[in-house]
Amino acid sequence: MTTSILTRRLALAALGFIGCAWATPALAQTAGTGFDMANLDPTASPCDNFFQYASGGWLKSNPIPATDGYWGSFDVLAEHNYATMRSILEESARKAPTAAKGTNAQKVGDFYASAMDSAAINAAGLKYLRPHLARIDAVTDLAGMQRLLADPNLALGGAWFSSGVGQDDKNSAKYAMQFYQGGLTLPNRDYYTNQDAQSKRIRAAYQTYLVNVFKMLGEPQATATAHAAAVQRIEMRLANASKRPEDLRDPVANYHKLTVAQATAQFPNLNLPLLLKTEGLGAATDVIVGQPAFFKELSAMLKAEPMADQKAYVRWHLVNSLMDALPAAYGQEQFAFQQVLSGAKIRKPRWKRMMLSTDGALGEAFGQLYVDRAFSPEAKARAKQMIENLRVAYGERIQATDWMSAATKTEALKKLNAFAVKIGYPDKWKDYSALTIGRESYLNNLLAARVWENKYNLRKFGKPVDRGEWLMTPPTVNAYYMSSMNDITFPAGILQPPFYDPKADDAVNYGGIGAVIGHEMTHGFDDQGRQYDAQGNLRDWWTKEDGERFNARAAVVGKQFDAFTPLDSVHVNGKLTMGENLADLGGLTIAYAAFEKTPQAKGHAKIDGFTPEQRFFLGWAQVWHSSARPETVRQLIQVDPHAPDQFRTIGPLQNMPEFYQAFGCQDGNKMMRAQADRAKIW
């Protein structure tokens with residue numbers, strides 16, 4: 001069984017948090033002005049704390065919901081989308097019994113209806129889970145575990161490792177079978193190895209969670225305790241063999257192409273020939289392994305770990321991935337653990353969890369219903385025009401750089417002009433005809449969707465690369481750049497206020513969605529993206545001198561963010577967040593350059609007492625209105641490649657003379673860096 005690696009690819013750079021949302025305030029917009037003046041805190045100085053100045057009013061009127069550990073502009077917009085999505089799903093659920101069998105409407109409606117039928121789920125108990133547990137229990141030896149891992153009809157919840165068919169980073173015109181580290185329940189390796197008090201508290205809560213779930217599966221206390229310890233021991237071994245998140249950002253260091261024979265010799269206990277043959281990839285002659293040291297340790301573990309412990313580990317990963325499809329007590333145990341991680345006080349209502357589940361399982365079937373109701377052709381056309389304006393501005397900035405040679409500029413412009421642009425929704429939708437969905441069992445539907453997605457991924461092997469494929473669903477409030485595709489994607493979900501408002505002036509739109517567009521474009525030239533060429537191949541197209549000059553300039557940004565401290569002794573990791581920080585600085589710089597070409601910028605007229613330039617920067621700041629609980633901040637610092645939002649707001653601005661000029665900042669103001677300490681790349 002493999003899990004698609006596409007959404008985990010090291011080369012995928014997204015704007016913000018994927019799937020963070022969730023309470024119910026209305027969108028704070030004043031029609032025609034682009035932002036609500038009440039969001040400001042006029043008692044703060046924009047030159048000392050621009051985040052407080054631009055977001056202080058918003059923070060007061062938007063407390064973190066009890067269901068969440070984080071709340072921000074992404075969530076407010078997502079919540080707005082949720083009203084539309086929920087309406088579509090409830091209508092689909094009502095109509096599904098009379099819809100033509102096999103249609104998207106029937107599948108979406110029945111999936112959501114089965115997910116919302118908590119009474120049926122509670123009544124079924126473990127009925128639909130038991131056959132899958134029996135498959136695991138039937139394993140008696142290494143050969144049996146190998147067959148289990150190779151079966152494409154199983155969905156084991158991410159046990160052991162991550163794998164799937166994706167583009168070959170060094171030959172983007174071809175698909176390759178790829179293997180990456182995985183197999184952990186906690187967010188990453190540091191949660192297992194760190195010795196601070198909070199990490200120990202999380203591991204203790206995890207132990208309780210494990211024991212309680214094994215007991216609920218029918219195991220006596222002693223057995224449940226032993227199996228919980230086995231899971232933690234196995235995951236600790238996997239964690240110790242895993243790379244840290246910041247080390248996964250180096251695409252060259254995480255690319256190792258091996259022949260099948262070489263991989264089989266290095267990782268003999270995975271039985272790769274069996275896995276490839278069973279999954280229909282018997283013709284593969286080579287594979288790409290992201291982290292060979294991890295797979296060497298995994299191979300050793302599969303041979304050495306007691307089979308009873310291995311089965312407990314696999315059983316755990318399957319059950320943990322299905323908590324909402326099991327009786328309510330299972331979900332309650334899961335949330336009790338999640339509270340320790342995030343600080344959330346109340347569990348999200350079931351309709352929100354199941355809406356996200358439907359979007360995850362049937363994203364493009366559901367997405368078709370969403371865009372029919374929520375996204376206009378006019379919005380797509382206006383977004384496309386802004387993207388082209390940003391592309392022109394970016395080209396001019398590349399040409400004007402004083403540190404880049406003519407040869408590298410030529411390659412950079414070639415890459416910029418080759419950017420593919422995806423807006424709103426795919427031109428060609430996924431075909432779900434091979435996926436059967438009914439109302440009898442949410443668990444069966446969930447696993448059927450996983451198996452379908454796995455087989456959909458595996459069928460790509462040997463076919464031409466589909467450059468029209470999307471990695472986010474249309475309602476998603478996010479955007480991304482994909483290095484191996486060299487494309488930028490803006491789902492319909494993000495092309496709404498406060499990111500994009502057709503009633504707003506250019507200043508606010510360029511500061512919002514314009515900077516988002518520039519952000520994604522800059523990912524093509526950040527510390528990761530710059531290593532890929534115009535066709536999406538991992539290839540060094542920079543002169544040695546230009547590469548060194550880029551790295552020196554990027555290091556200034558890294559040092560700046562290392563110094564930010566959201567909590568007492570908790571520092572932002574400048575290396576982990578490097579790509580996003582470079583994208584923010586570049587995106588805002590390019591968006592400002594494009595805005596300066598507009599009639600509004602040239603006219604200098606004030607609106608609500610603000611100059612066009614001030615409104616541009618306020619448009620940027622309102623994208624990052626947010627607050628987070630301490631538990632969530634600690635978690636995000638360890639796992640998230642994005643810096644906390646207050647530092648995303650002020651970090652780029654502290655390097656921009658245009659910001660100083662707009663607000664009249666002087667030497668000595670906290671927002672104004674000394675000339676020698678500023679970062680400038682584009």
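# Exercises on a predicted model

Cysteine 665 has a relative accessible area of 7% and is therefore buried. The exercises below concern a predicted model, and each is followed by a worked solution.

## Exercise 1: the disulfide

Determine which residue is joined to cysteine 665 by a disulfide, which parts of the chain the pair links, and what handedness the disulfide has.

Solution. Begin with the count, since the structure holds one disulfide. The partner is cysteine 47, with a distance from S to S of 2.1 Å, which satisfies the cut-off of 2.5 Å between cysteine sulfur atoms. Next, place both residues along the chain: cysteine 47 belongs to the loop between strand 1 (12-14) and helix 1 (50-61), whereas cysteine 665 belongs to the segment after helix 27 (657-663), and the pair thus links distant parts of the chain, 618 residues apart. Then take the torsion about the S-S bond of cysteine 47 and cysteine 665, which is about -85°, so the disulfide is left-handed. Finally, consider accessibility: cysteine 47 has a value of 5% and therefore counts as buried, and cysteine 665, at 7%, is buried as well.

## Exercise 2: the open sheet

Work out the strand order of the open sheet of four strands, and state which strands stand at the edges.

Solution. The order is 3-4-6-5, and the pairing is mixed. Strand 3 (161-168) and strand 5 (257-259) stand at the edges, because each has a single partner strand and is left without a neighbour on one side. From one strand to the next, the twist averages 35°. For the pairing inside the sheet, look at strand 4 (residues 171-181) and strand 6 (residues 286-289), which run parallel and are joined by two bridges; phenylalanine 179 has valine 289 in strand 6 as its bridge partner. To complete the picture, add helix 12 (residues 292-304), which lies across strand 3, strand 4 and strand 6 and runs at about 45° to strand 4.

## Exercise 3: the nonpolar cores

Find how many residues the largest nonpolar core has, and which helix gives the largest share of this core.

Solution. The largest nonpolar core has 202 residues, and those with the most contacts inside it are Phe50, Trp160, Phe617, Phe659 and Trp682. Helix 22 (residues 578-595) supplies the largest share of this core, namely ten residues. A second core, separate from it, has five residues, among them Tyr255, Ile288, Tyr532 and Leu538.

## Exercise 4: salt bridges

Identify the salt-bridge partners of aspartate 324, and decide whether aspartate 324 is buried or exposed.

Solution. The count comes to 34 salt bridges. One of the partners is arginine 347, at 3.0 Å from N to O. Arginine 347 lies in the loop between helix 14 (328-342) and helix 15 (350-361), and aspartate 324 in the loop between helix 13 (307-320) and helix 14, so this pair ties together parts that are 23 residues apart in sequence. Another partner is arginine 350, for which the closest N and O atoms are 3.7 Å apart; because arginine 350 is in helix 15, this pair ties together parts that are 26 residues apart in sequence. With a relative accessible area of 17%, aspartate 324 falls under the 20% limit and is therefore buried, and arginine 350 is buried too.

For comparison, apply the reasoning to glutamate 469 and lysine 460, whose side chains meet in a salt bridge at 2.8 Å, N to O. Glutamate 469 is buried at 10% relative accessible area, and lysine 460 counts as buried at 9%. Salt bridges also link Arg233, Arg237, Glu297, Glu305 and Asp309 in a network.

Terms used:
Residues are numbered from 1 along each chain as its sequence is written. This is a predicted model: local features need pLDDT of at least 70, side-chain atom pairs count only at pLDDT 80 or more; totals for chains, interfaces and linings use all residues. Side-chain values use heavy atoms; hydrogens and water are left out. Buried means under 20% relative accessible area, exposed over 50%, partly exposed in between (1.4 Å probe, protein chains only). Two strands pair if DSSP finds at least two bridges between them. Axes are lines fitted to C-alpha atoms, for helices over the stretch in contact, and angles run from 0 to 180 degrees between N-to-C directions. Contact means heavy atoms within 4.5 Å. A nonpolar core is a set of buried Ala, Val, Leu, Ile, Met, Phe, Trp, Tyr and Cys residues joined through side-chain atoms within 4.5 Å. A salt bridge is a side-chain nitrogen of Lys or Arg within 4 Å of a carboxyl oxygen of Asp or Glu.
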